[in-house]
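Biologist: I should be grateful for a close look at a single part of this model, chosen by you and explained for a first-year student. Please then set that part beside what the rest of the chain shows.

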Amino acid sequence: MSSTDFSSQNGAGGPPYANGPSQNPVALQPPGPGYMAHQTPYNPMQAKGPMPPGPGLYNSGPYQPIPPASSNQALPGQPMLKRPPMGPQHSMTPPQSASPNPGSRIPPAHATPPPVSANNYQHAPAWQYGGTPPMGAPPSMGAPPPMAMPPLRPVGNHMTSSPSLATPQASSAEYRATPPVFHNAMQPLCPPTSLQGYTQQGHMPTPGNGAQVPNSFDHLEMGPKMAGPLPPQQPGPPTRHMGLSYPSLPPGYQNTSAPPNAATMQHPVQPSTQPYSHPQPYQQPSAGPAQLSPSLSGLSLQSQTPEALRVVNLLQERNLLPLGPVTPPTPCLPQDLQKINCHPEVFRSTLTSIPQTQSLLNKAKLPLGLLLHPFKDLSQLPVVTSSTIVRCRSCRTYINPFVTFLDQRRWKCNLCYRVNDVPEEFMYNPVSRSYGEPHKRPEVQNATLEFIAPSEYMLRPPQPAVYLIVLDVSHNAVETGYLDVVCQSLLENINALPGDSRTKIGFITFDSTIHFYNLQEGLSQPQMLIVSDIEDIFLPTPDSLLVNLNECKELVQDLLRSLPQMFGKTMETQCALGPALQAAFKLLSSTGGRVSVFQTQLPSLGVGALKSREDPNQRASAKDIQHLSPATDFYKKLALDCSGQQVAVDLFLLSSQYCDLASLGCISRYSAGSVYYYPSYHQQHNPAGVECFQKDLKRYLTRKIGFEAVMRIRCSKGLSIHTFHGNFFVRSTDLLSLPNVNPDAGFAVQMSIEENLVDMQSVSFQAALLYTSSKGERRIRVHTMCLPVVNSLSDIFAGADVQAITCLLASMAVDRSVTASLSDARDAMTNASIDSLTSFRTSVLTIQQPGLLAPACLRLFPLYILALLKQKAFRTGTSTRLDDRVYAMCQLKYQPLAYVMLMIHPALYRVDDLTDEGALNVSERTIPQPRVQQLSVEKLSRDGAFLMDAGSVIYLWIGRNCNPKFLTQVLGLPNYAAVPLNMNMLPELDTAESQRTRAFVGWLREQRPFFPILHVIRDESPLKASFLQNMIEDRTESALSYYEFLLHIQQQVSK
Ligand SMILES: [Zn+2]
């Protein structure tokens, strides 16, 4: 294994279930003579040799060997400092500091959980509800430390209790646009037993009353019958007649056009332009164990799209981009199954054909993993209310479209193959109002749907929506002017905050001290309470700081109107973020909820204080990037405390200087929060940044939110899930703890094949997200995806999803950058493309040809890898601020695939000649669809205007000789010289050109949950450099051009 081997990443080795970077790097050895040899399991991120550092050094002889990575071993393993407990309320076990054994194998999916790693912070059994939680025990404060001014009126000690904790009414009509809503009053046949503690106690703890937050959601979602070893009566996987194997590729297939019988082929179903249109009912055969057989047995390589495997010589074919967006491959499934499969925007796999064995996967040298966007806003979502949620008795899989009905009374689980009974009430179909057609139930007709969960899915009454706003009010913060924007946005959206009559809200501000606000009903104005003892934070009036929003709305509005002025003249420069976060945790720990922290500088006081670690002079020249890992584990540990109490922390970082996002970001990462970063934020100096912040805030405050959530990902027997990416805490082998879940969060997981899938024709994956809606309903959103199993390398390659592969590799590379080094990560990404193309060349191609050959489905792979190497997160040789880099890394890890792809490979369009030809029609607006251009300066012409969509930012580049018509009709400017250096808006002109351009920009913006700033730039603009940095096909002083990169890969592939 070479020094940049990632043996933990794609298979059996490595720290199990780590939440992000492992705490211990794998054992690293310097490259030896045999370091090219791959060992099992294959690791996609494996070094071949370092990339030439720059064009000047290209072809300059043998590559320098990589220095032994042991020099980087100082980085890993943040010490787990012992922190005194903050109060008696959290009786969790301290995190174990033992690092996972890097060489340990990932246990099979159903085995007992692995040794707890530092990342796998588990709670003692005492946490499970049903014990004797310290009900209502206030934090022990001792003698209250002195409070400073201002004068306080007597503070009441009464707290308005939540008006209703009765079982919430299933009244959320907004979720129920689709027909399959039905009620079934029958009792569950097998009442789950995991709630004994709850039901036997016979009372419901009152949220907000100090009730211990239950923490055994693991058991909840799992249900009463934990998956163990399969019972002996398990029938084996269905035996199907598939023939010996798929036919091998015909010789010279690369030159064949579509076979003559193309008409009868399984053509991939193109994703409809209307995602989530209601699936057509499909007729599932009601009997026959080999339900899939008739349709699947007809499948063979011949039914793959020949296009996916068309051989492309990358050195010859220059323009590889499709005209429009890159579409994901369609799994090679029978059409009726594929039609009903989970939408790829929600759930997709890096390989849409799953290899039969791990060794086959190792040969393909492509990473296997899933990308999820589980809580995505959906226009249509079937919602089912039923007293019985039908699940497999063995593995607890939810019944889904890919199960098999043996007859009307029995169904076979598609994950573990157990045969289950069909419950009596499932025989009735509420949609058709007919009896005896269980396979037509909505659960069996929709790969994505939501259940209203009955009480056995609750450990306590669903929590109310609770929002706590924590604001930096130091001099630096006030000077940026952000307070006005936050308060104004809250005032405007206060009635749109998701919630119901129980919604609670509170505020904390901080500088060198912590300020609380008593907003109790009946006060004539908000009371500010200042706690100056930041060493031992306590809540001055615990019961009146978090108030019912409806009952105290006027006081809240009062406070929001006066806050910006209250600190207008402050000279306090210190900033005690850590103590403020501790206070927030205390305030919310009895209910759970969401903390929104607004921070503008490096925390300077109290716990969690940080020092600047960045040397601006080293930004461009440093050989490797230091300080990508946190400086302290305070934020991570506090985040884990928060996670245990169902509290998530979202961080808004608005700053002009280094803030150590690598440390601060941990507070959100491990509590399943979000991070927003606005560099150089200033109300006067950066109006575009202000607009972006305003738009983001509005979305943030009003978007859907789920509380006290867990997500479990199950997969068919034989497959195993490990290494999750995203913001969460891994509670057990396959369960993610998500104190909050939001519709803009993405996740990725890596998978390995533990047992051969020899007898299987398809495998399934199911993500179940159990959460409490803002209306207090317990809900379960279930996504199920079915993929074919294949046994030939060519079939694996034919199903490769280049975008999913790229995104998964990006997440893996972020981890690698932190645990080892940035250069390791860069080498590993390059090697991923070298390895897969080598495998394709040696194992799939039957006729060798000169050139760099790739299957058409992977033709963009080297381009995307080069783009990653030039991305802010991973680039070298270019001045990149550390916080910018770390933020880019955060985004790569938790943004859904569509947005990550724009960050990696922006879309470039020529827009000075937009026409309505081929335009989209979206709600009576005509949206032009210009073709996507290559990212090269070659493509820019001086007489044009080009729009570059880079995800969170859009550039409109105006050529020096730009068509005057565009300047006048779209920009409203007389000539090129009149284009301002900082222009961020397109004027609303009454011309066809203006309307087309604005419609196009508006449409791009609508497709993402954040607000990309528009920068109109010309040659003299300061942002021109950023624009040009995205021209990733071009050579720069420090990086190869696309062509040079291809030559480098070719050299390695041909070795
Ligand atoms: Zn099962």
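Modeller: Two strands are said to pair if DSSP finds at least two bridges between them. The strands themselves (E, at least two residues) and the helices (H or I, at least four residues) are DSSP runs, numbered from the N terminus. This is a predicted model, in which local features need pLDDT of at least 70 and side-chain atom pairs count only at pLDDT 80 or more, while totals for chains, interfaces and linings use all residues. Residues are numbered from 1 along each chain as its sequence is written, and side-chain values use heavy atoms, with hydrogens and water left out.

The part I have chosen is a sheet. Five strands form it, in the order β32-β29-β33-β34-β35, and the sheet is open with mixed pairing. The edges are held by β32 (932-933) and β35, each with a single partner strand, so one side of each is left without a neighbour in the sheet. As general background, strands of a sheet pair through backbone hydrogen bonds, either parallel or antiparallel.

Let us begin at the β32 edge. Strand β29 (residues 907-910) pairs with β32 in the antiparallel sense, over two bridges. In this pair, Y909 stands opposite V932 of β32.

At the other edge, strand β34 (residues 953-958) pairs with β35 in the parallel sense, over five bridges. Here L956 stands opposite V1016 of β35.

How many residues of β35 are buried? Buried means under 20% relative accessible area, exposed means over 50%, and partly exposed lies in between (1.4 Å probe, protein chains only). Five of the five residues of β35 (residues 1013-1017) are buried, so this strand is largely enclosed by the rest of the structure. I1013, H1015 and I1017 point one way from β35, whereas L1014 and V1016 point the other way, and all are buried. Thus β35 stands at an edge of the sheet, yet both groups of its side chains are buried.

F1011 precedes this strand in the numbering and takes part in a long-range approach. The C-alpha atoms of F1011 and K695 are separated by 6.0 Å, although the two residues are 316 apart along the chain. K695 lies in helix α15 (residues 687-702) and is partly exposed, with a relative accessible area of 37%. A second such pair is L1047 and L852, which are 195 residues apart along the chain and have C-alpha atoms separated by 8.0 Å. L1047 belongs to helix α25 (residues 1042-1053), and its relative accessible area of 26% makes it partly exposed.

These pairs may be set beside the totals for the protein. There are 25 helices and 35 strands, and 64% of the 1055 residues count as buried. Where contact means heavy atoms within 4.5 Å, residues 24 or more positions apart account for 80% of the contacts with a separation of 6 or more.

A helix offers a parallel to β35. Twelve of the twelve residues of α11 are buried, so α11 is also largely enclosed by the rest of the structure. Among these buried residues are Q582 and K586. Helix α11 (residues 577-588) reaches 17 Å from its first C-alpha to its last, close to the 16 Å expected, where the expected span is 1.5 Å times one less than the number of residues.

Finally, consider the zinc ion. Donors are N, O and S atoms within 2.8 Å of the metal (3.2 Å for Na, K and Ca), and water is not among the atoms, so sites may look incomplete. The protein donors here are the SG atoms of C392, C395, C413 and C416, lying 2.2 to 2.3 Å from the zinc ion. Their spacing along the chain is C-x2-C-x17-C-x2-C. The angles among the four donor atoms run from 99 to 116°, and the site is tetrahedral; four donors count as tetrahedral if all angles lie between 85 and 135 degrees. C392 is buried at a relative accessible area of 0%, and C395 is buried at 6%. Y417 has a phi near 70°, a positive value in a residue other than glycine. Y417 sits in the loop between β8 (410-412) and β9 (419-421), and at 6% relative accessibility this residue too counts as buried.

Methods: Tetrahedral: all angles 85-135°; square planar, octahedral: opposite > 155°, others 65-115°.
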